[in-house]
Amino acid sequence: MLLSPVSFNRAATNQKVREQVRLELSFLNSDLQMLKEELEGLNISVGVYQSTEEAFTIPLIPLGLKETKDVDFSVVLKDFILEHYSEDSYLYEDEIADLMDLRQACRTPSRDEAGVELLMSYFIQLGFVESRFFPPTRQMGILFTWYDSLTGVPVSQQNLLLEKASILFNIGALYTQIGTRCNRQTEAGLQSAVDAFQRAAGVLNYLKETFTHTPSYDMSPAMLSVLVKMMLAQAQESMFEKICLSGIQNEFFMLVKVAQEAAKVGEVYRQLHTAMNQEPVKENIPYSWASLACVKAHHYEALAHYFTATLLIDHRLKPGTDEDHQEKCLSQLYEHMPEGMTPLATLKNVHQRQQLGKSHLCRAVTHHEESVREASLCKKLRNIEVLQEVLSAAHQRSRLKYTQLREDYDLLNLIDVPDIISKTEREVEIIPPQFSKVTVTDFFQKLGPLSVFSANKRWTPPRSIHFAAEEGDLGFTLRGNSPVQVHFLDPYCSAAVAGTKEGDYIVSIQDVDCKWLTVSEVIKLLKSFGQNDIEMKVVSLLDATSSMHSKCATYSVGMQKTYSMICLAIDDDDKTDKNKKISKKLSFLSWSTNKNRQKSASTLCLPSVGVRVAGPPVKKKLPSPFSLLTSDSSLY
């Protein structure tokens with residue numbers, strides 16, 4: 001923001017002092033303006049990330065990626081695993097290193113679909129991490145720092161939501177860079193550009209609606225609204241280029257269509273330029289962006305008038321011509337015809353058509369002159385040669401056509417032509433991010449199902465229960481999916497006497513991890529021990545009310561006792577889970593070859609009750625990551 005001498009004028013009464021202050025501030029403001037223009041070239045240049053193909057096309061605007069500092073998850077996550085999950089944190093060093101490798105890879109993604117998938121994978125993984133390690137009632141002490149992509153100002157918070165929002169922004173920015181790099185000389189390339197900009201708009205719009213109080217200015221709702229408009233405008237422009245790619249035939253109905261398509265592009269850029277000049281975004285929108293939006297608004301409005309002039313001047317009604325269709329098309333070009341004119345009469349009157357056409361050419365030349373002037377006022381745009389060539393060629397074409405038709409006293413006879421009604425065959429739209437198409441495995445899945453083993457739930461340390469089945473009767477029923485709960489419990493059975501309680505979750509049996517096992521699998525495991533002593537580890541939720549699952553199974557041999565509560569093997573729902581095998585977690589190798597193997601010492605120790613070493617995880621399909629993303633997206 002530029003400095004104002006008003007406060008100094010009020011403070012100083014000496015006229016010479018006031019003049020000196022004014023002079024010094026003017027120099028300072030000039031230096032600040034020059035610095036601001038230089039900073040624009042660092043991350044928000046119009047010229048970067050453009051297609052490498054030689055093309056006679058106007059450049060598009062990409063967004064730069066947000067930069068960040070390194071983050072060390074190891075100490076905090078290890079402490080939390082010991083404190084909250086009562087597990088040996090060193091068993092999770094590989095998983096923590098995988099997470100840090102993935103984050104590091106996200107700082108330099110490739111400018112293609114693989115890069116987008118990488119960022120989406122990390123974003124979804126953050127949903128798992130948030131549910132596992134970030135309780136809603138406390139800060140975890142991990143400081144995330146991200147730099148504003150427009151101003152370069154750093155923002156730091158001990159809040160995972162800043163990390164998630166910044167990754168979302170970079171997904172949108174990456175789509176813009178993919179869009180600008182597309183080959184706009186082919187139909188497939190233009191379609192890819194349209195798709196990329198629509199997806200960029202979808203991600204940025206999702207960010208605006210989901211994270212409503214982001215502290216970084218480039219992610220404020222006002223700025224994101226402008227960026228969404230900019231992406232949709234560029235998608236509409238690419239759609240227009242696709243229509244014109246095969247050439248524009250000098251045919252009446254084709255010219256009507258192209259004129260209205262050009263008017264549509266001019267209209268969306270006019271709206272974008274207006275939005276860019278509104279508070280509070282006006283101060284931080286790069287000057288080159290606002291200038292280019294204005295240039296394109298004038299350029300495409302000029303094209304709309306040029307094509308309208310061409311259809312009026314070059315085409316006349318002939319015998320056999322479909323008069324009704326032409327009359328309808330001409331009437332739909334305007335909100336209302338110029339005073340004293342009707343569509344059909346104008347089509348039949350050669351002089352009227354020519355005068356109306358020349359008036360459109362004058363409007364076209366005026367808009368072309370404005371687009372050239374606006375481009376010349378911005379240093380960044382002046383240095384883009386292809387932009388200057390496109391604007392100059394279009395300007396010369398309109399001037400040449402008008403010069404060929406110009407007559408004396410034309411200025412006295414020109415008609416005040418109305419604007420062209422914008423119309424498009426395909427309105428571009430926001431495409432929401434499709435996270436469900438990205439397959440992601442929770443790095444920390446061996447901690448157990450998130451429905452129970454999450455940061456917002458508390459339970460006792462694992463308790464060791466030593467018991468044995470009496471005549472095939474264990475003395476309790478099991479209930480639930482994964483993890484399995486003890487349901488009805490015989491208060492006199494050996495398991496109850498050893499400390500088992502109704503509602504306990506079974507986490508292991510004879511050092512076999514059971515957190516991901518179903519009822520039938522746990523029953524099968526218990527039955528395998530027969531009458532031998534069994535060591536079972538259980539945990540109890542500390543919440544006042546613990547959820548009890550709906551599925552139950554009983555098992556008994558001989559049914560000798562009336563209070564027989566012993567788990568029987570069950571059936572259909574669990575058959576689908578029989579293909580699961582207990583196996584070690586595969587190493588995460590795809591994001592980085594150099595892992596962050598940081599053996600950070602934990603500041604905590606394991607609880608003295610029920611210390612155990614977790615068994616290998618059971619591979620099981622995880623719930624949708626979006627059920628894990630918190631609905632409270634405020635960063636405050």
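How many bridges join strand 1 to strand 2, and do they run parallel or antiparallel? Read on to the first legend. This is a predicted model, where local features need pLDDT of at least 70 and side-chain atom pairs count only at pLDDT 80 or more, while totals for chains, interfaces and linings use all residues. Residues are numbered from 1 along each chain as its sequence is written, and side-chain values use heavy atoms, with hydrogens and water left out.

**View 1. Strand 1 and strand 2 make a hairpin.** Strand 1 (residues 144-147) and strand 2 (residues 154-157) run antiparallel, joined by four bridges. Strands here are DSSP runs of E with at least two residues, helices are runs of H or I with at least four, and both are numbered from the N terminus; two strands pair if DSSP finds at least two bridges between them. Look across from W146 and you meet V155 in strand 2. Six residues sit between the strands, and G152 in the turn has a positive phi of about 80°.

**View 2. Helix 11 has a buried side.** In this helix (residues 323-331), Q326, C329 and L330 are buried, meaning under 20% relative accessible area, with exposed meaning over 50% and partly exposed in between (1.4 Å probe, protein chains only). These three share a side of helix 11 because they cover an arc of only 95° around the axis, taken from the directions from the helix axis to the C-beta atoms. D324 and K328 are exposed on the face turned away. The cover over the buried residues includes helix 9 (252-276), helix 10 (287-314) and helix 12 (343-348).

**View 3. F73 sits in the largest nonpolar core.** Such a core is a set of buried Ala, Val, Leu, Ile, Met, Phe, Trp, Tyr and Cys residues joined through side-chain atoms within 4.5 Å. Of its 139 residues, F73, F133, I171 and F444 touch the most other members. Helix 10 gives the largest share, 15 residues. Leaving aside neighbours within four places in sequence, F73 has contacts (heavy atoms within 4.5 Å) that include I96, M100 and F144.

**View 4. Two loops hold cis peptide bonds.** One joins E279 and P280, with omega about 5°; P280 is in the loop between helix 9 and helix 10. The other runs from S482 to P483, with omega near 0°, and P483 lies between strand 4 (476-479) and strand 5 (485-489).

**View 5. S86 has a positive phi without being a glycine.** The angle is about 55°. S86 is in the loop between helix 3 (74-85) and helix 4 (93-106), and counts as buried at 7% relative accessibility.
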